[in-house]
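Let's take a walk through this one, pockets and strands included. Have your viewer ready and follow along.

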Amino acid sequence: MYGTVAILRLMPGAIAGFEQAMGEVARAAEFTSGFISAYTYHPQKEPDTVILCVVYDSEESYRANAQSSETHGLYLKWRDMLAEEPVWHDGEARPFLRFT
């Protein structure tokens, strides 16, 4: 598995618009080849920070999605809500604990 973790610093008050934009991303991801899961974490002590975690079945699937024009268009819809450029941490996703 392969994916990214991104630290997103939002403009103050932008969380509602960001969550709406992420809903659109989620609907598109449903039909993306190799997509496994995505989560957003909202640190209690940093209300304008979101940590985005995305996992694909392979690096190839991840890169194909990341380079698609549809993905770029969705990114542009929420990029202006950021106070600074995101920090992306791409890499292999290795499960270490799972409850079913």
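How much space lies in the largest pocket? About 750 Å³, and keep in mind that you're looking at a predicted model.

To find that pocket on screen, start from Val 25, Leu 52, Val 54, Asn 65 and Thr 71, the residues that lie nearest its centre out of a lining of 30. The walls are put together from many parts of the chain: α1 (15-29), β2 (35-41), β3 (49-56), α2 (59-66), α3 (69-79) and β4 (87-92) each supply at least two lining residues. The largest share belongs to α1, with seven. If you're wondering about the chemistry of the wall, the lining splits into 19 nonpolar residues, seven polar and four charged.

Now move to the second largest pocket, with a volume of about 360 Å³. A run from Glu 92 through Ala 93, Arg 94, Pro 95, Phe 96 and Leu 97 to Arg 98 helps line it, together with Met 1, Ile 36, Ser 37, Tyr 39 and Val 55. Here β2 gives the largest share, three residues. By type, this lining has eight nonpolar residues, one polar and three charged.

Next, the strands. β1 is a good one to follow, as it pairs with β3 and also with β4. Eight bridges join β1 to β3, and the two run antiparallel; to get your bearings, look for Ile 7 standing opposite Ile 51 of β3. β1 is also antiparallel to β4, with six bridges between them. One pair to pick out there is Gly 3 with its bridge partner in β4, Gly 91. As a rule, side chains in a regular strand alternate between the two faces of the sheet.

That brings us to the packing. In soluble globular proteins, nonpolar side chains tend to be buried together. In this model the largest nonpolar core has 17 residues, and Leu 8, Leu 10, Phe 18, Leu 52, Trp 78 and Met 81 touch the most other members. Two or more residues of this core come from each of β1 (2-9), α1, β3 and α3, and the largest share, four residues, is from β3. Leu 52 is worth a second look, since you've met this residue before: it lies among those nearest the centre of the largest pocket and also belongs to the core.

Finally, zoom in on Trp 78. Which residues is Trp 78 in contact with, leaving aside its neighbours within four places in sequence? They are Leu 8, Phe 18, Ala 21, Met 22, Val 25 and Trp 88. Among these, Leu 8 and Phe 18 are core members too, while Val 25 is one of the residues nearest the centre of the largest pocket.

How values were computed
Residues are numbered from 1 along each chain as its sequence is written. This is a predicted model: local features need pLDDT of at least 70, side-chain atom pairs count only at pLDDT 80 or more; totals for chains, interfaces and linings use all residues. Side-chain values use heavy atoms; hydrogens and water are left out. On a 1 Å grid over the protein atoms alone, a cavity is a set of points where a 1.4 Å probe fits but cannot get out, and a pocket is an open set with protein on both sides within 12 Å along at least five of seven lines; lining residues have an atom within 4 Å of a point. Grid points are joined across faces, edges and corners, and a volume is the space filled by probe spheres set on the points. Ala, Val, Leu, Ile, Met, Phe, Trp, Tyr, Cys and Pro count as nonpolar, Asp, Glu, Lys and Arg as charged, and the others, Gly among them, as polar. A nonpolar core is a set of buried Ala, Val, Leu, Ile, Met, Phe, Trp, Tyr and Cys residues joined through side-chain atoms within 4.5 Å. Buried means under 20% relative accessible area, exposed over 50%, partly exposed in between (1.4 Å probe, protein chains only). Contact means heavy atoms within 4.5 Å. Two strands pair if DSSP finds at least two bridges between them.
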